[in-house]
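Work through the exercises below with the coordinates open. Try each task before reading its solution.

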Amino acid sequence: MTKVITALKLSDSSYSHVLDIAADKIDIADWLFNLPNDEYKRCCPPDHVACGATYTDEGKRMSINVERIGETLMIQQYVGEITEKHHCRMVSISDAFTPNGRTKVQIIWDLSIKPIDADHCEYTNSVIAHPTEEFLAFLKEHNVSFETAAAGRQAAGGDHNHRETPLFAESMKRKALARK
């Protein structure tokens with residue numbers, strides 16, 4: 001069992017994007033679990049590599065994402081803790097393939113929509129990364145301080161999130177408009 005160190009954060013970023021569509025027309029869960037692979041790639045080029053959806057053995061919805069965050073290739077196996085129309089909270093013990101080798105981190109991805117008025121809503125994309133015990137041992141083995149690793153992850157993760165948030169939001173809007 002992978003032990004997550006929730007008292008430490010590698011990164012924490014949150015970005016929002018306003019859409020000119022009513023909130024009740026957006027369905028985050030439907031978008032997320034039916035996202036075509038090529039559309040995922042368009043939502044943060046060249047970082048996004050592939051995506052898919054499946055279920056855990058217990059029947060919980062999952063989103064599988066492969067993407068680059070800075071120099072690290074991430075294989076994320078997000079399990080849906082909340083999978084609602086206007087809010088999804090996804091948690092992954094992710095494999096991180098770094099230039100120094102492979103390790104694991106926990107990623108919490110929170111996607112939400114809130115109404116602004118009858119014709120506008122705001123999408124928020126939040127991502128928090130926590131180290132695992134394995135990750136801390138990996139840092140020690142490679143003589144890298146947690147502070148250095150966290151600063152690198154914050155910069156790379158924040159940049160990635162900043163670029164993908166408006167593209168995810170506009171993708172959700174396109175899907176909503178196609179349902180008419």
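The β6–β7 turn comes first: two residues form the hairpin that joins β6 to β7. Keep in mind that this is a predicted model.

**Exercise 1. Strand pairing**

Task: Determine in which sense β6 pairs with β7, and by how many bridges.

Solution.
- Step 1. Locate β7 at residues 120-131.
- Step 2. Compare directions: β6 and β7 run antiparallel.
- Step 3. Count the bridges: 12 join β6 to β7.
- Step 4. Check the register at one position: W109 stands opposite V127 in β7.

Task: Repeat the analysis for β5 and β6, and find which residue of β6 stands opposite D95.

Solution.
- Step 1. Take β5 as residues 87-98 and β6 as residues 101-117.
- Step 2. Their pairing is antiparallel, over 12 bridges.
- Step 3. The connection is a hairpin of two residues.
- Step 4. Opposite D95 stands K104.

**Exercise 2. Aromatic pairs**

Task: Classify the ring pair of W31 and F168, and say which elements it ties together.

Solution.
- Step 1. Search the whole structure; three aromatic pairs turn up.
- Step 2. For W31 and F168, the ring centres are 5.2 Å apart and the planes stand at 70 degrees.
- Step 3. Planes over 60 degrees apart count as edge-to-face, so this pair is edge-to-face.
- Step 4. Place the partners: W31 lies in helix α1 (residues 28-33), F168 in helix α4 (residues 146-178). The pair therefore ties together parts that are 137 residues apart in sequence.
- Step 5. Assess burial with the cut-off of under 20%. W31 has a relative accessible area of 2%, so it is buried. F168, at 1%, counts as buried.

Task: Classify the ring pair of Y78 and W109.

Solution.
- Step 1. The ring centres are 5.0 Å apart, with planes at 50 degrees. The pair is therefore tilted.
- Step 2. Y78 sits in strand β4 (residues 72-83) and W109 in strand β6, 31 residues apart.
- Step 3. Y78 is buried, at 3% relative accessible area. W109 is buried too, at 3% relative accessibility.
- Step 4. Assemble the picture: ring pairs link W31, Y78, W109 and F168 into a cluster.

**Exercise 3. Salt bridges**

Task: Find the distance and the sequence separation for the salt bridge of D20 and K173, then decide whether each partner is buried or partly exposed.

Solution.
- Step 1. The whole structure holds 13 salt bridges.
- Step 2. In the D20–K173 bridge, the closest N and O atoms are 2.3 Å apart.
- Step 3. D20 is in the loop between β1 and α1, K173 in helix α4; they are 153 residues apart.
- Step 4. D20, at 48% relative accessible area, is partly exposed. K173, at 16%, counts as buried.

Task: Do the same for K3 and E133.

Solution.
- Step 1. Their side chains meet at 3.8 Å, N to O. The cut-off is 4 Å, so the contact qualifies.
- Step 2. K3 belongs to the segment before β1 (11-19), E133 to helix α3 (residues 133-141). The separation is 130 residues.
- Step 3. K3 is partly exposed at 47%, and E133 is partly exposed at 44%.

Task: Characterise the R89 and E81 bridge.

Solution.
- Step 1. The closest N and O atoms are 2.9 Å apart.
- Step 2. R89 is partly exposed at 27% relative accessibility; E81 is partly exposed at 48%.
- Step 3. Finish with a network: salt bridges that share partners join D30, K175 and R179.

How values were computed: Residues numbered from 1 in each chain as written. Predicted model: local features only at pLDDT ≥ 70, side-chain atom pairs only at ≥ 80, totals over all residues. Heavy atoms only, no water. Pairing = 2+ DSSP bridges. Helix = DSSP H or I, 4+ residues; strand = E, 2+ residues; numbered from the N terminus. Phe/Tyr/Trp six-rings, centres within 6.5 Å; stacked < 30°, edge-to-face > 60°. Buried < 20%, exposed > 50% of the residue type's maximum accessible area, 1.4 Å probe, protein only.
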